[in-house]
Structures are given as C-alpha cells and as structure tokens.
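Student: I've never looked at this one before. Could you walk me through it and tell me how each label is earned?

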There are 2 protein chains.
Amino acid sequence: MSPDVTRRALLRSIGVAGGAGVMFESMRALGLVASPEALATPAYQPPATGDLTVAKRGKKVVILGAGIAGLVTAYELGKAGYDCTILEANDRVGGRNWTVRGGTTMTDLDANTQTAKFAHGQYLNAGPARLPQSHITLDYCRELGVPVETFINQNANALLYNEQSGVAAQQYRTAKADFYGYISELLAKAVDHGSLDQSLSGEDKDRLLTFLSGFGAIGDRADGFAYTGTSRRGYSVEPGAAEQAGVVLGPPPSLSTVLASQVGRYFSFEFGYDQAMTMLQPVGGMDAIPMALYRAIGRHKVRLGAAVTKVTDLAHGVEVVYKDARGKEVLVRADFCVAALPPHVMARIPTNLDAGVTAALRYPTATPSGKIGLEYRRRWWEQDDRIYGGITETDLDLAHIWYPSYGFHGERGVVVGYYNTGANATAYGSLSHVERTKRAVAQGVKIHGKKYSDELVSSFSVAWQRVRHIEGAWVSWPSRTSGEYALLNKPAGRVYFAGDWLSYFIAWQAGAIDSARYVVTNIHQRVMAER
Amino acid sequence: MSPDVTRRALLRSIGVAGGAGVMFESMRALGLVASPEALATPAYQPPATGDLTVAKRGKKVVILGAGIAGLVTAYELGKAGYDCTILEANDRVGGRNWTVRGGTTMTDLDANTQTAKFAHGQYLNAGPARLPQSHITLDYCRELGVPVETFINQNANALLYNEQSGVAAQQYRTAKADFYGYISELLAKAVDHGSLDQSLSGEDKDRLLTFLSGFGAIGDRADGFAYTGTSRRGYSVEPGAAEQAGVVLGPPPSLSTVLASQVGRYFSFEFGYDQAMTMLQPVGGMDAIPMALYRAIGRHKVRLGAAVTKVTDLAHGVEVVYKDARGKEVLVRADFCVAALPPHVMARIPTNLDAGVTAALRYPTATPSGKIGLEYRRRWWEQDDRIYGGITETDLDLAHIWYPSYGFHGERGVVVGYYNTGANATAYGSLSHVERTKRAVAQGVKIHGKKYSDELVSSFSVAWQRVRHIEGAWVSWPSRTSGEYALLNKPAGRVYFAGDWLSYFIAWQAGAIDSARYVVTNIHQRVMAER
C-alpha cells in the first residue's frame with residue numbers, strides 16, 4: 001500500500017468516525033488543509049457488482065426523467081445489476097443538458113416552433129455549458145470517454161460595460177489595472193501614514209508595501225505610491241520590430257472616474273469556487289455527456305415521449321402509468337421509483353403520496369432563464385477584437401455575452417447573445433424568437449458596433465420557463481430548513497426524488513449527479529437490508 | 001465603405017501624419033481608447049503580388065536560419081515573387097520553436113545525446129509554448145490553417161509554494177481569497193476612519209466600500225469589515241447531495257501569516273499584457289507553425305544541415321558559403337542576405353561586414369534557460385489534485401511547474417518539471433540529463449509528494465545555452481539606445497538582420513515575425529526603388 005493510499009484511508013476513517021470537524025482538524029495537524037489532494041469529500045461508494053444475490057438481481061427501478069439525475073441513477077444502478085427503465089416525456093435525453101445544432105427543432109409551451117439553422121460544427125449549449133475542474137461531472141466524462149477541452153470563463157480582452165455609468169466599454173485587463181492600481185495606491189498611502197498601525201506590525205507593513213507595489217504596479221514612496229498606468233492596461237500601439245517600442249494605453253482615468261464606472265463589481269466572479277479557471281466543456285457540445293450515459297445504460301432502457309400520468313406507491317412496489325408518443329396508456333411495475341423531474345413538474349403528476357410530499361414539491365421556486373445563440377458569418381470577435389472565448393459583462397438586459405470556446409479561426413461562430421435570469425429572462429421569454437433576436441442584437445450593437453447586426457446569419461433562443469416538461473432553469477429554496485428539503489431527500493414509501501434541486505450544487509450537473517448517487521446508495525442499502 | 005472601415009482609415013491617416021501621440025489623442029476624442037478594435041498597431045502591408053515587374057521577379061534572397069524569423073521572411077517574400085533559399089545548420093526547421101516527441105533526438109554542445117521516449121501523442125514544447133491572443137502569430141495560424149486550442153496559463157487550483165516562507169503549498173484560489181480579503185479589510189477600515197479623505201470624495205468612499213465588499217468578501221461596517229474566510233478559499237468537504245452543505249476550507253491564517261507567505265508576488269503575472277488569459281497553443285505541438293511555414297514556402301527552398309561558414313557583401317549582391325551535411329562547401333549567390341540567426345551565433349561567422357556590425361552583434365547578452373518534460377504514467381494532477389493545466393509557482397530552483405493543456409483524461413501526460421532562467425538554468429544545464437531529472441523530481445516531491453517520483457516513466461530536458469547553433473533562449477540588450485540596436489535594424493550593405501532580438505517582443509514569436517516583416521518591407525522598398 002502506498003503512503004498516499006494510507007493517508008487517504010486514514011483521513012476517510014477519521015471522517016467516518018469523527019465527522020467533518022474532526023477530519024478538518026486532523027488535516028490541519030497533518031499540514032494538509034491547503035492541499036487539493038486532501039479535499040475530503042465523502043467518497044461515493046458505488047454498489048459492488050457482487051452485492052446483489054441471485055434473488056435480488058434484476059430488482060426493477062422505474063426512473064422518471066432522462067435528465068442527468070435520471071441517467072446517472074440508471075447508469076449506477078445498472079452497473080450493480082438493477083433493471084432500470086427511464087420514462088422521458090421529451091423526445092430526447094439530457095433534460096436541461098441540451099445542445100442545439102443545425103436542424104434542432106423545439107416547440108415551446110406557447111406552441112412556437114424554432115428550427116436551428118446553424119452551420120455544421122456550430123452549436124449552442126442551451127443549458128449547462130461549463131464544468132468546474134473540481135466537479136464529479138468530469139469523473140463521468142473520464143469514465144465514459146467524453147473528451148473535454150477548456151471552457152474560457154475569463155478573458156482579459158473581453159469587455160465590461162455599464163451603460164448606466166456612462167463610461168465606454170473597456171477590456172477587463174484595463175479595468176483591472178486601474179482598480180488594482182488605485183486601491184494599491186490608496187492602501188499604500190494609508191499604511192505609510194501609519195493609519196493602520198493598529199493592525200500591522202513593522203514587518204507586516206514592509207511586506208504589504210512590497211505586495212502592493214507588484215499588485216498595483218504603483219510608484220514608490222518618493223512618487224507617493226502613485227498609480228499612473230501600466231502596460232497591463234493594454235497598448236494603443238503594440239510593441240513590434242525595430243523602433244516600435246509600443247505606446248501604452250493611457251493615461252488612466254482619475255480615481256473618481258474609475259470608481260464611477262462600477263465595473264469592479266464583475267471582478268469577483270472569477271474568484272468563485274465554481275467559476276474560477278480552469279473550466280472545461282465536452283468537445284462538440286455538452287450533450288456528449290447524456291449521450292454517453294444513454295449508450296452506457298442501453299438505449300432500450302429509455303422510453304422517449306413517455307409522459308407520466310400517474311404514480312402509485314404500493315406496499316411492495318410502485319406502479320407508474322405513462323402515455324406513449326401515440327397517446328396509448330402504458331403501465332410499468334417496479335420495486336422502486338426515482339422521480340428525477342423538476343419538483344414543480346412532479347408536483348402536477350397525480351400520485352397517492354402524502355399531501356405533505358406534494359406540498360413540499362411545490363415549495364421551491366422555479367427560476368426563469370434564457371439564452372440566445374447568435375451565429376455570425378465571420379468570427380469578428382477574434383479577427384477584429386482579439387477576443388478568444390470568454391465573457392463580456394454588462395448592466396444591459398442581456399447580462400452576459402459569451403464568445404465561443406471552440407472553433408477558433410473557423411469560418412463561423414455562435415455567440416451567446418444573452419444569458420439572463422429573473423425579470424430580464426421573463427421579458428425576453430415573453431417575446432417571439434424574432435423579437436428576442438432583434439432586442440438582443442440592438443443591445444449588443446452598443447458594445448460591438450454595427451457588425452454585431454450586419455454579420456448575423458441565424459439565431460436560436462430558449463426560454464427555459466417555457467420549455468415543455470421542464471418549465472424553469474433551476475429552482476431555489478426559500479428555506480432549506482423548513483422541512484420540505486429534508487422531506488424530499490427521504491423516500492416517500494418506494495418513491496425517491498433526485499435532482500440538482502436536492503443538492504447544494506443547484507444548477508450544476510454535479511448536483512444532479514451527487515443526488516442520483518445519494519438515491520442509488522439509499523436504494524441499494526435498503527435492498528441489501530431486505531430479507 | 002462601412003463606417004468601421006472609414007474609422008480605421010481615418011485613424012491610419014492620422015497615425016501616419018501625426019504619429020502615435022496625435023493618433024492617441026484622436027482616439028480619445030473618438031471615445032475609442034479602450035476599445036480593442038481601435039488598437040492602432042501600424043498595419044503590415046505585404047508586398048503586393050503584382051509589384052515586381054518581370055525584370056525584378058525572381059530576385060534572389062538567401063536567408064540564414066530556418067527559425068520563425070527566417071521562415072516568415074521566406075514566406076512573405078515568396079508570396080511577392082522573390083526567390084528565397086534558407087540555409088539551416090540544424091537538421092530541422094523551427095529554431096527555438098521545437099516540439100519534442102517520442103523519438104526526438106538531440107546531441108548538445110557537450111556531445112551528450114538524448115532521445116525522447118514519450119508515448120504517442122505526448123510532447124514537450126521545449127521553446128515557445130503559448131500564444132497571447134493579441135499576437136500576430138495567431139494571424140499566421142489562421143492564414144496557414146494551424147488549428148489552435150486554449151493554453152491554460154492561469155489555474156485557481158494550481159499551487160503556490162515558497163519554501164523559504166515555511167508555509168505549506170496552497171492553491172492560488174486560497175491565497176487570492178486571503179490576500180484580497182485582508183487588503184480589502186485594511187483599506188475599508190482606513191477609508192471608514194477617514195484616513196484617505198484627502199484622496200476620496202464621499203461618493204468615492206461609498207463606491208470604494210461597495211467594491212471592497214465584493215472584491216474581498218468582507219464583513220460590513222458592523223463587523224469591522226473583517227475578512228473571515230469564504231468559499232473562494234475552497235472546501236475541506238465539498239457541497240453535495242441532501243444535507244451535505246459543504247465545509248469551507250478555513251479559518252484563514254492571520255493577516256501576518258498571509259503576508260509572511262509572500263505568495264502574493266505571483267498574482268500579477270496574469271495581469272501582464274502577454275500573459276493574461278486567453279492564451280493559445282497549436283494543437284499537437286508548437287512546431288505546427290514552422291512546419292506549416294515550411295510547407296507553404298516549399299520544402300525545396302530550405303537546405304537543412306547547412307552550416308554557414310562565410311558571408312560576403314558585394315556591391316551588387318551577396319555570396320554565402322556553407323558546409324552541407326557531408327562537409328562539402330557550397331556557394332550561394334543572391335541579391336540580398338537576411339541573417340535570421342541569434343546575434344551571438346552570427347557574430348562568429350566570418351564576414352566582410354564593418355567591424356562595428358560584428359561588435360554590435362556581440363553586444364546583446366544571451367540568456368540561459370531550461371525546461372524538462374516529465375512524462376507520467378497517470379495524470380495524477382487531474383485525478384487526485386483536480387488541476388487541469390496551469391502553472392504552479394515556487395521559489396525552488398525549478399521555478400515553475402506546468403501541467404499540460406492538452407490530452408485531458410488521457411492515460412499519460414507530460415508535466416514541465418522546470419522552466420527556469422539565469423543561475424538556476426545554468427546549474428541544471430551543467431548536469432547530465434539523468435541528474436537534471438533527479439534534481440527536478442526531488443524538488444517537485446516537496447509539493448506533490450511521492451507520486452511525483454513514483455509515477456514517472458520518462459523525461460527529456462533541454463538547456464538552450466547548450467543547443468547547437470542556438471546557444472541561448474533569447475537575448476537581452478544592456479541598452480537599446482547605445483547604437484547597436486539601431487545599427488542592426490539597418491542593413492549592412494545587402495545583409496539584413498532579423499529576429500525577435502530586433503523587436504520589442506523579445507522571446508516571443510511575434511517579435512520574430514514582426515522583425516521579419518520589417519525586413520521584408522525594407523527589402524521590397526529597396527527593390528522597388530532600384531532602377
């Protein structure tokens with residue numbers, strides 16, 4: 001046994017015996033706290049293949065919904081010898097993990113139909129579009145052979161634009177240089193004047209001034225620690241050959257102007273645990289994940305176009321009735337049911353479950369959110385603006401503009417023209433697709449100019465609150481401690497619930513996966529405990 | 001004519017007439033300063049294909065060196081109808097742009113031979129390894145059809161380790177959270193106490209406090225603006241399903257401990273104009289660029305193993321003598337010569353040039369630098385440490401550890417085990433390859449533990465100062481204004497010099513390219529002016 005394994009085993013046993021607090025203290029003692037290797041997430045123990053005796057092998061589980069939670073449930077239970085059937089109301093697997101390509105058609109709740117006209121190789125990840133390197137989603141990509149590539153979540157050449165501040169769009173790099181420069185100047189002055197002597201020793205002060213000097217690229221004491229600009233802002237004339245030394249973009253605006261731009265609010269996004277680079281994406285579209293699960297489970301295990309109309313929990317099993325694509329009612333009997341649907345959708349299906357369960361399903365609030373893919377005939381963001389992937393942040397109703405992290409230097413490209421939530425998403429969602437496109441393009445022109453309109457060739461939009469059988473981008477819990485959350489994390493008889501909404505990683509596939517694993521573990525323990 | 005073209009044309013004419021200063025002011029007036037579109041780098045105007053009359057078509061240019069500068073010179077001149085011959089002393093094109101794969105062999109100046117044993121698909125970019133999105137290098141990738149992908153230059157999960165500070169290795173994300181948290185706390189306190197009232201209006205203060213609150217994730221006034229940690233640091237137990245809310249890694253060390261770690265010095269790397277994300281790399285290895293130029297130029301135009309022994313500048317042409325691979329002396333006559341060699345290498349070739357030219361060639365100082373590729377049987381940095389690409393920074397003699405930005409989830413991977421310069425590079429360079437590997441691995445074990453040694457399968461190292469016909473990673477100019485730099489940017493009779501060392505982008509391929517374009521422009525203007 002290698003020392004690494006010993007250390008992991010030791011930590012696991014401490015975690016099991018003493019809980020997270022004890023484990024953390026042990027990790028501190030071992031000097032491991034800051035080491036990523038020591039991340040002590042309780043390891044998922046999949047049901048061992050040999051666990052199920054002959055008598056128990058082939059226990060039947062009917063799963064409602066072929067989103068990530070449903071697919072992972074079937075995948076993990078299937079590996080252990082369970083016989084799973086997934087009922088999916090839509091005509092595709094993946095749920096919100098949905099990649100739109102040329103030919104993709106969707107009819108929404110308002111009976112509006114769109115068909116994407118994107119060129120070959122172009123796509124829009126209408127739902128999840130990025131994978132943090134810490135998330136277990138990547139473990140499934142590795143296990144299932146889904147190739148991944150970098151998703152560019154931060155780009156110094158992407159822009160920041162607050163229309164309300166009246167300041168022109170500027171690159172992240174410029175705004176950062178100015179904010180970091182000025183706060184370094186201010187703090188250095190305060191430190192040097194002794195204003196913070198209560199908080200800082202002499203040695204602290206020296207070290208802090210050294211840090212600020214590099215962090216802000218500011219002058220020294222003799223210069224009053226002044227921030228006067230730096231090549232970090234960019235160049236108005238780039239350096240080059242011979243005597244072309246380059247001209248630094250500058251001088252920087254005044255401190256007041258920089259603060260008034262209020263674009264500093266966007267900096268902390270990239271510090272977030274789930275948003276800091278490195279981020280990744282499956283090559284060719286996010287739906288490579290559900291497609292790989294679909295293949296691994298066996299396509300015959302999934303019934304598409306199967307809209308569940310009734311769920312009955314019985315003493316020794318469950319009965320689920322669904323309408324197939326031709327409108328015929330079909331009855332499925334199983335030992336267990338896993339409802340891996342959005343809670344507000346599940347709440348509408350007739351069941352014999354306790355009224356408290358149905359009330360709990362109605363408790364979380366569905367969030368509206370929308371995205372539009374704008375296909376351009378030319379990758380002007382790369383060619384003209386030197387923006388390779390990344391996100392432009394705005395205070396416009398489109399919120400974010402995403403530049404594609406794939407297909408660099410290709411002929412065409414799909415820009416995400418808005419990705420918004422709440423009132424903005426509701427407003428866009430209430431428009432026709434043509435009107436959504438017009439509005440999004442008119443806003444984007446403010447940042448990128450006329451080419452943003454002129455070079456557009458096609459578009460496709462989704463308003464998740466208007467997507468059939470899904471009706472929301474994700475949910476939020478008004479409270480997790482008022483009972484509903486705990487209730488739904490327990491089985492209602494033989495009916496289990498799964499989904500990102502039953503995790504602390506809401507709106508992430510990792511949440512759906514971990515919830516599925518949690519249910520798989522619980523079902524398996526129950527089966528193993530049965531006589 | 002579109003408004004964009006008009007605006008660009010206007011700016012170009014202002015730039016030509018009034019210089020950079022006037023142009024910049026005009027751009028300010030137009031509100032264009034911060035817009036990337038307005039980057040007013042003087043555009044390269046390639047010689048027009050129709051420029052050369054029948055009499056001038058086929059003017060001969062002999063180019064010394066098939067590095068990027070030599071290749072681009074031949075490519076651009078060739079497109080315009082010049083007849084170019086490249087003489088390259090090594091047995092491959094690319095110069096310092098060199099990708100090492102399984103089977104790559106090198107014998108250095110000390111007659112030590114290494115042969116790489118990397119598995120198929122694994123490689124080490126021994127020289128340049130990253131392309132900033134602003135650099136013209138990418139324009140050549142687009143023009144030549146060299147596919148590019150993201151190079152991960154910043155990774156929140158990569159580590160910071162200062163052995164001298166005695167603090168354990170920690171993730172970038174953790175160190176950033178702590179530094180940004182504490183400086184926000186300190187500055188907020190100083191602002192709130194009125195210590196900076198001379199520099200800040202009341203409105204400025206409010207805006208600054210709002211910024212610091214988000215930037216540092218600090219408490220509010222009632223909490224004394226205290227930084228007490230945040231999930232930006234990471235988790236000791238990740239959030240997950242059901243009741244697994246996650247345990248934030250913490251509490252943070254004291255302000256003094258954070259400052260004493262001195263890892264904040266590494267943060268500003270990513271603010272650099274040339275190092276900020278997005279960075280890119282050619283798919284499959286950096287040498288895709290010279291190989292594409294080689295093909296575009298025509299392989300028959302390049303003579304490999306051709307070591308130049310004499311350059312003679314004559315009234316109406318040049319004569320270059322080289323020794324071919326079999327030791328035979330060959331004479332080449334041409335109208336012009338472009339010496340695209342490192343200056344210290346060119347300085348040793350007998351010529352009839354002015355002694356001042358040779359002295360100038362000896363003036364810049366060659367920088368030693370080395371890299372080692374460590375091939376592992378398992379991508380433990382991804383699987384165990386959740387590090388997908390990026391760079392770990394240290395105060396060890398290895399300086400940086402790079403994790404590969406390609407081949408995610410594959411079986412093997414090549415980590416750059418050191419990339420250093422100066423005394424560290426000289427020290428490693430003076431060792432045998434086996435000793436370099438031992439030393440680099442022993443240092444890396446301090447950060448990554450025993451697996452860093454146990455899982456190693458092969459390695460390959462380069463010390464650029466010991467590479468034949470190159471003898472340095474790049475050069476630096478003790479002064480650019482003492483005459484030598486200007487002298488070498490002019491032709492010596494019919495001999496021109498080109499290379500990144502004649503640009504303000506030293507050690508970047510963009511410098512070599514722009515220098516080549518500069519020489520191409522000057523030769524072409526001279527040819528066009530000739531009667």
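Tutor: Sure, let's start with the two chains. Turning chain B by 180° with 0.0 Å of shift along the axis lays it on chain A, with an RMSD of 0.0 Å. The fit is by least squares on the C-alpha atoms of residues with pLDDT of at least 70 in both copies. Keep in mind that this is a predicted model, where local features need pLDDT of at least 70, side-chain atom pairs count only at pLDDT 80 or more, and totals for chains, interfaces and linings use all residues. Residues are numbered from 1 along each chain as its sequence is written, chains are lettered from A and ligands numbered from 1 in the order in which they are written, and side-chain values use heavy atoms, leaving out hydrogens and water.

Student: What makes the relation between chain B and chain A that of a two-fold axis?

Tutor: The rotation is 180° with 0.0 Å of shift along its axis, so the relation is that of a two-fold axis. In chain B, Leu187(B) comes closest to that axis, its C-alpha being at 2.8 Å.

Student: How do you know that the same surface serves both copies?

Tutor: Contact means heavy atoms within 4.5 Å. Of the contact residues of chain B, 99% recur in chain A.

Student: Now the helices: why is α2(B) called roughly parallel to α7(B)?

Tutor: Helices here are DSSP runs (H or I, at least four residues; strands are E, at least two), numbered from the N terminus. The axes of α2 (residues 68–79) and α7 (residues 288–297) of chain B come within 9 Å and cross at roughly 30°. Axes are lines fitted to C-alpha atoms, for helices over the stretch in contact, with angles from 0 to 180 degrees between N-to-C directions. Under 35 degrees counts as roughly parallel, over 145 as roughly antiparallel, 65 to 115 as roughly perpendicular and the rest as oblique. So α2(B) is roughly parallel to α7(B).

Student: Which kinds of residues make up the contact of α2(B) with α7(B)?

Tutor: They divide into 10 nonpolar, no polar and no charged. Nonpolar covers Ala, Val, Leu, Ile, Met, Phe, Trp, Tyr, Cys and Pro; Asp, Glu, Lys and Arg are charged, and the others, Gly among them, are polar. Among those making the contact are Leu71(B) of α2(B) and Leu293(B) of α7(B).

Student: And why is α2(A) called oblique to α15(A)?

Tutor: In chain A, α2 (residues 68–79) and α15 (residues 509–529) pack at an angle of about 40°, with their axes 8 Å apart. That angle makes α2(A) oblique to α15(A). The residues in contact include Glu76(A) of α2(A) and Gln509(A) of α15(A). The contact residues divide into eight nonpolar, two polar and one charged.

Student: What makes His409(A) stand out?

Tutor: Most residues other than glycine have a negative phi, and most peptide bonds are trans. His409(A) is not a glycine, yet has a positive phi of about 70°. His409(A) sits in the loop between β22 (400–403) and β23 (413–421) of chain A.

Student: What kind of peptide bond joins Met277(A) and Thr278(A)?

Tutor: A cis one, with omega about 10°. Thr278(A) lies in the loop between α6 (255–261) and β13 (279–282) of chain A. Chain B also has a cis bond, joining Met277(B) and Thr278(B), with omega about 10°.
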